[in-house]
Amino acid sequence: MTSVANQDETHMTTPELIASHNYIPETHHIWTEDGYCLSVHRVLPEKPYEHSHDFNENENILNDNIIKHSSYDITHNINKRVPILIHHGLLSSSADWVLLGPGKALAYLLCDDNYDVWLGNARGNAYSRKHKQYTTRDREFWNFSWHEIGYYDLPATIDYILEHTGHTELYYMGYSQGTTAFYVMISEKPEYNRKIKGMVSLAPVAFLSNQRSPLLKLVVHFYGLLEWGSSYCNLHQWFPRNKLQAQALGTLIRNAPDRFTKGFCVCWFSLIAGFGSDQLDKSMLPLILGHFPAGASAKQIIHYSQSILSGAFRKFDYGPTENLKIYGSTQPPKYDLEKIKVPVAMFYSDHDFLTDPADVKKLTDRLPNVIGTWKISYPKFNHVDYLWGRDVKSLIYNPIIAVLKKLK
């Protein structure tokens, strides 16, 4: 039954997945100051009635902002719940937080624990590909890195959620790039300190000089080629979500010999995240590859490459001449982490190739209000295990919920 369910869910959108798991989805369309339209997905408590799993994201749009379903806001007193915004990592989407299904996925565990759960989608991914002026075929659409995600996307999303719910504060949880964008936001807009009740950093990424990913080391080695391809070959988008590609990969994984498929896919993830973990369930691979990767700009990856090479957490480096025009100095400015006054809880692992413990310590030493750091007990826990590890609920999700209770 699990295999059939995974096949059926491979091509569902995040709202369709939420509905199929017997929770209530909302889709909110949020416009940023610089013209991008972000689709943010909200997870509401389980439906108290029989319902159809057929869900059309384009139905019942109210004022082009929110998709509604009956009067459950009143029934469940949803606005009495404290909102929590969860943000995905590079090349990912809101689907990350629901793929494991009820009783396991982080979005559902938090919803069951009485939080008002909102799942962000960064500009350029599968759910946020609209702009007031440009299309995804335009170079200008892709002229952003994680700086803009932190500077524009997160503030717009946070302001919308607080206005919509009537709350003055929310919790924020970021994974990987979701943490990077948060550190950018507060460093650049410290007034948002007062809007965040507490922040949970999963696999925090700010400093990357000690990262051990073989794939990233290769990317950094060809850093100049990346910049050239982006500038002169119109390669501004990386790994967009492709349904045909996902279907082909899913069919291959289901029908090819187990040793081949498991070895290939686990090796691919391990090149990025870390070798040796047995947390990735092979039966989940068709479902995961139906939603990941979800797209990103080349500039996001180039910006991370710059962070690895410089060893600093700083703005995008355009070269001395352009830097002087943009920043007033030949070097890009560093983000001022001292401005982040929000209580921050850090979760990391020794075997995560992207977030080396030395880089995590460098970050925690610069943040003024770290309430605790939690090292994941499983020694081989890697970067993707935060999302799809078979024991992720006991290893990290339950501890996260315990930490959130301390932040109340």
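Which side chains meet in a salt bridge at 3.3 Å, N to O? They are those of Glu322 and Lys325, and the pair is shown in the first of the close-up views below. The model is predicted, so local features require pLDDT of at least 70 and side-chain atom pairs count only at pLDDT 80 or more, whereas totals for chains, interfaces and linings use all residues. Residues are numbered from 1 along each chain as its sequence is written, and side-chain values use heavy atoms, with hydrogens and water left out.

**View 1. A salt bridge within helix α13 joins Glu322 and Lys325****.** A salt bridge is defined as a side-chain nitrogen of Lys or Arg within 4 Å of a carboxyl oxygen of Asp or Glu. Both residues belong to helix α13 and are three residues apart, about one turn of the helix; helices (H or I, at least four residues) and strands (E, at least two) are DSSP runs, numbered from the N terminus. Glu322 is partly exposed at 34% relative accessibility, and Lys325 is exposed at 62%. Here buried means under 20% relative accessible area, exposed over 50%, and partly exposed in between (1.4 Å probe, protein chains only). Over the whole structure, the search finds 13 salt bridges.

**View 2. Lys315 and Glu188 form a salt bridge between distant parts of the chain****.** The N to O distance is 3.1 Å. Lys315 lies in the loop between α12 (298-310) and α13 (320-327), while Glu188 is in helix α6 (residues 177-188), 127 residues apart. Lys315 is buried, with a relative accessible area of 17%, whereas Glu188 is partly exposed at 26%.

**View 3. Asp356 and Arg212 form a salt bridge between two loops****.** Their closest N and O atoms are 3.1 Å apart. Asp356 is in the loop between β12 (344-348) and α14 (357-366) and Arg212 in the loop between β9 (196-202) and α7 (214-221), so the bridge ties together parts 144 residues apart in sequence. Asp356 is buried at 12% relative accessible area; Arg212 is partly exposed at 29%.

**View 4. Strand β6 is covered on both faces****.** In β6 (residues 116-119), Asp116 and Trp118 on one side and Val117 and Leu119 on the other are all buried. Asp116 also takes part in a network of salt bridges with Glu26 and Arg42. Strand β2 (residues 36-44) runs antiparallel to β6 and is joined to it by three bridges; two strands pair if DSSP finds at least two bridges between them. Val43 stands opposite Val117. Strand β5 (residues 83-87) runs parallel to β6, with four bridges, and Ile86 has Leu119 as its bridge partner. Together, β5, helix α4 (residues 106-112) and β6 make a right-handed β-α-β unit, meaning that, with the strands pointing away from the viewer, the path from the first strand over the helix to the second runs clockwise.

**View 5. Strand β8 pairs in parallel with β5 and β9****.** In β8 (residues 170-175), six of six residues are buried. Leu170, Tyr172 and Gly174 occupy one side, and Tyr171, Met173 and Tyr175 the other. Four bridges join β5 to β8, with Tyr171 as the bridge partner of Ile84. Six bridges connect β8 with β9, where Tyr175 is partnered by Leu202. From β8 the chain crosses through α6 to β9 in a right-handed β-α-β crossover.
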